[in-house]
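Me: Hey, I'm new to this one. Can you walk me through it?

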Amino acid sequence: MSDCADLHPYFNRCNSIRVESGCFMVYDRPHYLGHQYFLRRGEYSDNQRMIGINDCIRSCRMIPMHRGSYKIRLYERPDMGGQMQEISDDCPNIQDRLRMSDINSCNVVDGHWLLYDQPNYRGKTYYLRPGEYRRYSDWGGASPRIGSLRRITDFN
């Protein structure tokens, strides 16, 4: 029902998940680190087959519902430097729309967002809530390459 930085005291293995309401990010390492997986309401009866994760769910974060506008500022350099692009809607292909694929920092002004390392909302997923991310490692990225991004709007 809330964020949990370390799920290990509750169980050693997790083979299935049921999200009864809302949306969550689950992580394969404690303290919201490692691979991230976005889950909305539903049953995930076989983690490996359905969402591609093994039995190691070590932390989870509840995504609060957001009402209002969405705005994210993307920067080509760390520490909010270089060229800046502002986005307020979903973007299936960052390279085509913005002519930039490396995002080294960003500022989430409004709303909650998912970044993907490949176009068309595929590949590794990164959850960003409001705040500054001074380098790609702040959102858990292994590189500055971002292919697409979308707003988290569907909580059903």
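Reply: Here is a quick tour of sheets, cysteines and salt bridges.

Me: Sounds good. What kind of model is this, and how are residues numbered?
Reply: This is a predicted model, so to speak of local features we need pLDDT of at least 70, and side-chain atom pairs count only at pLDDT 80 or more, while totals for chains, interfaces and linings use all residues. Residues are numbered from 1 along each chain as its sequence is written, and side-chain values use heavy atoms, with hydrogens and water left out.

Me: Okay, sheets. What is the strand order in the one with strand 1?
Reply: The order is 2-1-3, in an open sheet of three strands with antiparallel pairing. Strands here are DSSP runs (E, at least two residues; helices are H or I, at least four), numbered from the N terminus. Two strands pair if DSSP finds at least two bridges between them.

Me: Which strands are at the edges there?
Reply: Strand 2 (33-44) and strand 3 (59-63), each pairing on one side only. Neighbouring strands of this sheet are turned by 30° against each other on average, direction ignored. That angle is taken between N-to-C directions of axes, lines fitted to C-alpha atoms (for helices over the stretch in contact), and can run from 0 to 180 degrees.

Me: How many bridges join strand 1 to strand 3?
Reply: Five, with strand 1 covering residues 17-29 and the two running antiparallel. Phe24 stands opposite Met62 in strand 3.

Me: And the sheet with strand 7?
Reply: That one is open too, with three strands in the order 8-7-10 and antiparallel pairing. Its edges are strand 8 (122-128) and strand 10 (148-151). The twist averages 25° from one strand to the next. Strand 7 (residues 113-118) and strand 10 share four bridges, and Trp113 stands opposite Arg151.

Me: Switching topic: how many disulfides does the structure hold?
Reply: Zero, where a disulfide would be a pair of cysteine sulfur atoms within 2.5 Å. For Cys23, the nearest cysteine sulfur is that of Cys60, 13 Å away. For Cys91, the nearest is that of Cys106, 14 Å away.

Me: Is Cys23 buried or exposed?
Reply: Cys23 is buried, at 0% relative accessibility. Cys91 is buried as well, also with 0%. Buried means under 20% relative accessible area, exposed over 50%, and partly exposed in between (1.4 Å probe, protein chains only).

Me: What about salt bridges, how many does the count come to?
Reply: Nine, counting a side-chain nitrogen of Lys or Arg within 4 Å of a carboxyl oxygen of Asp or Glu.

Me: Which residue does Glu43 meet in a salt bridge?
Reply: Arg18, at 3.4 Å from N to O. Glu43 lies in strand 2 and Arg18 in strand 1, so the pair ties together parts 25 residues apart in sequence. Glu43 is exposed at 53%, and Arg18 is exposed at 55%.

Me: You mentioned Arg151 earlier. Which residue does Arg151 form a salt bridge with?
Reply: Asp90, with the closest N and O atoms 3.0 Å apart. Arg151 sits in strand 10 and Asp90 in the loop between strand 5 and helix 2 (94-98), so this pair ties together parts 61 residues apart in sequence. Arg151 is partly exposed at 26%, and Asp90 is partly exposed at 27%.

Me: Last one: which residues are linked in a network of salt bridges?
Reply: Asp79, Glu132, Arg134 and Arg135.
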